[in-house]
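Ready for some practice at reading strands and sheets? Have a look at the model below, then work through the exercises.

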Amino acid sequence: HCLVIKLIYLLQNSILATWSSPLRSLNLFLSSSPGSKERHWSCVFLIFRQSSRGNIEYFLLDPEFCYLFIYAFCYRRQTLLGLCVWQVEADEEHFIPFSMVREKDICWEYAEKLDGNKVKCKFCSRVLNGGISRLKHHLSRLPSKGVNPCAKVRDDVTDRVRSILAAKDDPKDSPLTTNKYKPPEVKPPLSASLLPVTVSSGSKLFPTSILAPPTPNAQVIAERSISLFFFENKIDWCVARSPSYHHMLDAIAKCGPAFFAPSPLSLKTEWLDRVKSEISLQLKDSEKEWVTTGCTIIAEAWTDNKSRALINFSVSSPSRIFFHKSVDASSYFKNTKCLADLFDSVIQDIGQEHIVQIIMDNSFSYTGISNHILQNYGSIFVSPCASQCLSIILEEFSKVDWVNQCISQAQVISKFVYNNRPVLDLMRKLTGGQDIIRTGVTRSVSNFLSLQSMMKQKARLKHMFNSSEYTTQANKPQSMSCVNILEDNDFWRALEESVAISEPILKVLREVSKGKPAVGSIYELMSKAKESIRTYYIMDENKHKVFSNIVDTKWCDHLHSPLHAAAAFLNPSIQYNPEIKFLTSLKEDFFKVLEKLLPTSDLRRDITNQIFTFTRAKGMFGCNLAMEARDSVSPGLWWEQFGDSAPVLQRVAIRILSQVCSSYNLERQWSTFQQMHWERRNTIDREILNNLAYVNQNLKLGRMITLETDSISLEDIDMMSEWVEEAENPSPAQWLDRFGSALDGGDLNTRQFGGAIFSANDHNIFGL
């Protein structure tokens, strides 16, 4: 195509004297161009000006905004150095009108345009205000621009959108400068008067450095350097998806060639101390709310095959969760007295008056520490971990014969697909880059999440095994087994049934694992889950009885807590809901909790009248605002706003309803703690590693609260799980291979030690 450049240099006086109407002159300029009526024209305006600091600034504008900027410069008497008009001749195939730029954005294929300036994400169905720009930040999953990241977008889409945003933010990557853009040959100016003029000695009006394209191999060299850094230091691929990784690259790019990286000494001293101080300041701010809301201590025990035990302590409040410290309890994990001393010290660190409950996992069931706390701290409750109890329920579901058979058949398909590169590539091509399995926070969660994914891809899986592209793999024995399973209606019926009964439990698990106060809703969520299972099996009483007995048994043995019952009683969405049938059964536990939190008669004065005022919706409880907010506002905030009619009950309700009922599903990274606890170190190094663990865990916990991701699913597939790993000759000691060098004191970095490493029978070996 022919490119005609007409460069008009206008001094400020020329604009004010001659171009009294830039709009009229510009229209005359365009209309006088040869062939303007027969051909399409696209105009881009490049405006240069000199700022108050003497810098050269330039703008790329469409004609409408160009007029506005010309007037603004003249009105404010700023120095307008020049106007460059690029007039590009193009045919209909390559012509893009200015009015259609937004509609032609490549990201529109991921969104649905709604009325006004709203768009709907095709992945998560979230409606966003602000158009395609906010959708890009939504799909990029970067915590910026005040947009919640998309939890369901594919990785390839995320990478594509991030590259678009990076090109937009960096002028060097713009279409006018990037090496991928090769403009047609430009004819030289027609007159010497159109050449750039000098502004000062040694500098040109249009500096060549601004418009010069980068080195052709610059992008390749940068990507290679980053890749070598990952390979040489054995960095997990998932790090490339971390927001902090992209923030680091953006910050380096803004510094330019003058950037100098911090030294190892600076990282482990100055910067580690600085970041730790920042986190400590955030903790101080959270401590102020503990006076009103109270807090929860979360104690998690990690054990391994070397009889080593770690106990990690975290503190949770409505604003966020903080990692407190990690303790090596290998030598006294089953010694009640030593554990009691440890918990006493943690309680003293936080302050007994601030602690409402301590959540422990099942590892502490036989240590006697629960009785010690209940006997010595009258106002502190000991509660089970809800997410762990729900995972146990799912594990019991998977042990039912026909469910276990369905999982085994599904694993035959997944192992064949993920151990054959051509089949895997074909599958991802047909599913649009999506996987047919998912990795959850525990083994049982992974099983049912994978069944869900396979159910969604049912039609595409069948199509793949019958497609012409699959013929090269069709004669393999494993392929024939997969085809037989996929054509078996009983398999799909069992898979659909397994998904239906597990989904209510997974929904509860997601709610309690988000890191938000959920103690007031766990009763209602479990009741709805049981009702969903009963409704599904309304015509099959035998199956209903099997699964309802599992739920009821685990609920009573592991999950039931008086604090949960009291929180449900104080939850306005439950208290004032006439459809709730279990409200009467909560009263006994509610009164027990009141007696514990208000131990003296002076504290309980007038409490009966205040309970009556609350249950009958008297005073502020019955105002229109309070009634409208019962289901739309969190219970703790509702009591804070409308509980003034019952001040004593209000203080109790806020402290109870502000608590979580589950621990947090962080990856268990033994490498950091192994160096800290079990490798020989001097005092200085041990202090540095303690600080590193403190910073590392708190940054991850802060990221979990910021990003709206699936709280029970990991982003990447565990390639060592039984859904992928394929062993031809299993041996009794095969489970040892999963540890790799960890058995020799090396690095053991697993997603969930008990779920992703051990198989079903391995837990009996260690009694975990």
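Keep in mind that this is a predicted model.

**Exercise 1.** Work out which strands stand at the edges of the open sheet with the order 5-6-7.

*Solution.* Start with the layout: three strands make up this open sheet, and their pairing is antiparallel. Next, look for strands with a single partner: those are strand 5 (111-113) and strand 7 (127-129), so each has one side without a neighbour in the sheet. As for the twist, neighbouring strands here are turned by 30 degrees against each other on average, direction ignored.

**Exercise 2.** Find what joins strand 6 to strand 7, and what lies across them.

*Solution.* Strand 6 (residues 118-121) runs antiparallel to strand 7, and three bridges join the two. To see where they line up, pick Val119: Leu128 in strand 7 stands opposite. Now add helix 4 (residues 132-140), which lies across strand 5, strand 6 and strand 7. Helix 4 runs at about 25 degrees to strand 6.

**Exercise 3.** Decide whether strand 10 (residues 295-303) is enclosed or open, and name its partners.

*Solution.* Count first: nine of the nine residues are buried, so strand 10 is largely enclosed by the rest of the structure. Then sort by direction: Cys295, Ile297, Ala299, Ala301 and Thr303 point one way, while Thr296, Ile298, Glu300 and Trp302 point the other.

Now for the partners. Strand 13 (residues 355-360) pairs with strand 10 in the parallel sense over five bridges, with Thr296 partnered by Gln357. Strand 11 (residues 309-316) pairs with strand 10 in the antiparallel sense over eight bridges, and Thr303 has Ala309 as its bridge partner there.

Definitions and conventions: Residues are numbered from 1 along each chain as its sequence is written. This is a predicted model: local features need pLDDT of at least 70, side-chain atom pairs count only at pLDDT 80 or more; totals for chains, interfaces and linings use all residues. Side-chain values use heavy atoms; hydrogens and water are left out. Two strands pair if DSSP finds at least two bridges between them. Helices (H or I, at least four residues) and strands (E, at least two) are DSSP runs, numbered from the N terminus. Axes are lines fitted to C-alpha atoms, for helices over the stretch in contact, and angles run from 0 to 180 degrees between N-to-C directions. Contact means heavy atoms within 4.5 Å. Buried means under 20% relative accessible area, exposed over 50%, partly exposed in between (1.4 Å probe, protein chains only).
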